[in-house]
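Colleague: Got a minute to go through this one with me? I'd like to ask a few things as we look.

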Amino acid sequence: METELLAELRAVKHRIPHLAGGLVASVDGLLIAHDTHGAEPSGLAAMTAASLSLAQRLADTTGQGDFRESLVRGEHGYIATYAAGASCVLTLLAHPDVNVGRLHLEARRSAQRIAALLTDTLVPKDPRDAG
């Protein structure tokens with residue numbers, strides 16, 4: 001599974017100019033896969049979980065429904081987090097000159113693919129469905 005997730009992280013990095021890297025983590029902060037350079041991935045996964053918890057509470061408290069994504073803009077770039085199914089998140093790091101619309105478009109698609117990969121891995125297929 002990690003190989004497929006890493007391939008997806010590299011593919012999204014290829015599709016989004018000015019993307020610095022990314023990771024997939026569980027909602028409780030466990031690192032699953034990463035393609036990050038210059039950022040400590042385990043610590044970033046843990047911080048993603050902490051910010052996710054706050055974002056989920058904020059969305060719930062304001063009646064906005066389930067968490068879908070969050071975007072943090074810093075002086076030197078962006079940190080974007082997207083739900084990848086119910087148990088994981090995709091976090092991407094981008095340079096300040098990234099096209100944010102393109103970031104959202106490609107990252108949402110990537111998060112869906114990651115969720116499907118994780119579901120296929122965690123839920124065994126019924127062999128009777130093979131034909």
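Colleague: How many residues sit between β1 and β2 in their hairpin, and which residue in the turn has a positive phi?
Modeller: Keep in mind that this is a predicted model. β1 and β2 form a hairpin with four residues between them, and the turn residue with a positive phi, about 95 degrees, is Gly 29.

Colleague: Do the two strands run parallel or antiparallel, and how many bridges join them?
Modeller: β1 and β2 run antiparallel, joined by four bridges. If you want a pair to look at, Leu 23 stands opposite His 34 in β2.

Colleague: Which non-glycine has a positive phi, and where is it?
Modeller: That's His 18, with a phi of about 75 degrees. His 18 is in the loop between α1 (2-15) and β1. With a relative accessible area of 39%, His 18 is partly exposed.

Colleague: OK, helices. Why does the length of α2 look right?
Modeller: α2 covers residues 41-61, so its 21 residues at 1.5 Å a residue should span 30 Å, and the end C-alpha atoms are indeed 30 Å apart.

Colleague: And which residues of α2 are buried?
Modeller: Pro 41, Leu 44, Ala 45, Thr 48, Ala 49, Leu 52, Ala 55 and Ala 59. These buried residues take up an arc of only 145 degrees around the axis, so they are on the same side of α2.

Colleague: What's exposed on the other side of α2?
Modeller: There you find Met 47, Leu 54, Arg 57, Leu 58 and Thr 61 exposed.

Colleague: And what covers the buried residues of α2?
Modeller: The cover includes the strands β1 (19-26), β2 (31-35), β4 (77-83) and β5 (88-94).

Colleague: How about the ends of α2: what caps the N-terminal one, and what follows the helix?
Modeller: Glu 40 is the N-terminal cap, with a side-chain oxygen 3.2 Å from the backbone nitrogen of Ser 42. After α2 comes Gly 63, which has a positive phi near 75 degrees.

Colleague: Back to α1, which of its residues are buried?
Modeller: Leu 5, Glu 8, Leu 9 and Val 12 are the buried residues of α1. They fall within an arc of 100 degrees seen down the axis, so they line one face of the helix. Thr 3 and His 14 are exposed on the face turned away from that buried side.

Colleague: What about the largest nonpolar core, how many residues does it have?
Modeller: It has 21 residues, and those with the most contacts inside it are Ile 16, Leu 19, Tyr 82, Leu 90, Leu 92, Leu 103 and Ile 114. Two or more residues each come from α1, β1, β4, β5 and α3. α3 gives the largest share, five residues.

Colleague: Take Leu 90, then. What is it in contact with?
Modeller: Leaving aside neighbours within four places in sequence, the contacts of Leu 90 include Leu 9, Leu 23, Val 24, Tyr 82, Ala 107 and Ile 114. Apart from this largest core there is another core of nine residues, with Leu 44, Ala 45, Ala 55 and Val 89 among them.

Colleague: Switching to Tyr 78, is that one buried or exposed?
Modeller: Tyr 78 is in strand β4, and it counts as buried because its relative accessibility is 11%, against a cut-off of under 20%.

Colleague: Which residues does Tyr 78 contact?
Modeller: Beyond the neighbours within four places in sequence, Tyr 78 is in contact with residues including Leu 71, Val 72, Arg 73, Leu 92, Pro 96 and Val 100. Tyr 78 and Leu 19 are 59 residues apart in sequence, and their C-alpha atoms are 9.2 Å apart in space.

Colleague: Last one: where is His 104, and what does it contact?
Modeller: His 104 is in helix α3, residues 100-122. At 15% relative accessibility, His 104 counts as buried. Leaving aside neighbours within four places in sequence, His 104 is in contact with Glu 69, Leu 71 and Tyr 82. From His 104 to Thr 81 the C-alpha distance is 9.8 Å, with their positions 23 residues apart in sequence.

Technical notes. Residues numbered from 1 in each chain as written. Predicted model: local features only at pLDDT ≥ 70, side-chain atom pairs only at ≥ 80, totals over all residues. Heavy atoms only, no water. Expected span 1.5 Å × (residues − 1). Buried < 20%, exposed > 50% of the residue type's maximum accessible area, 1.4 Å probe, protein only. Arc of directions from axis to C-beta. Contact = heavy atoms within 4.5 Å. Polar contact = N/O pair within 3.5 Å; in protein donor to acceptor, adjacent residues only side chain to side chain. Pairing = 2+ DSSP bridges. Core = buried A, V, L, I, M, F, W, Y, C linked by side-chain atoms within 4.5 Å.
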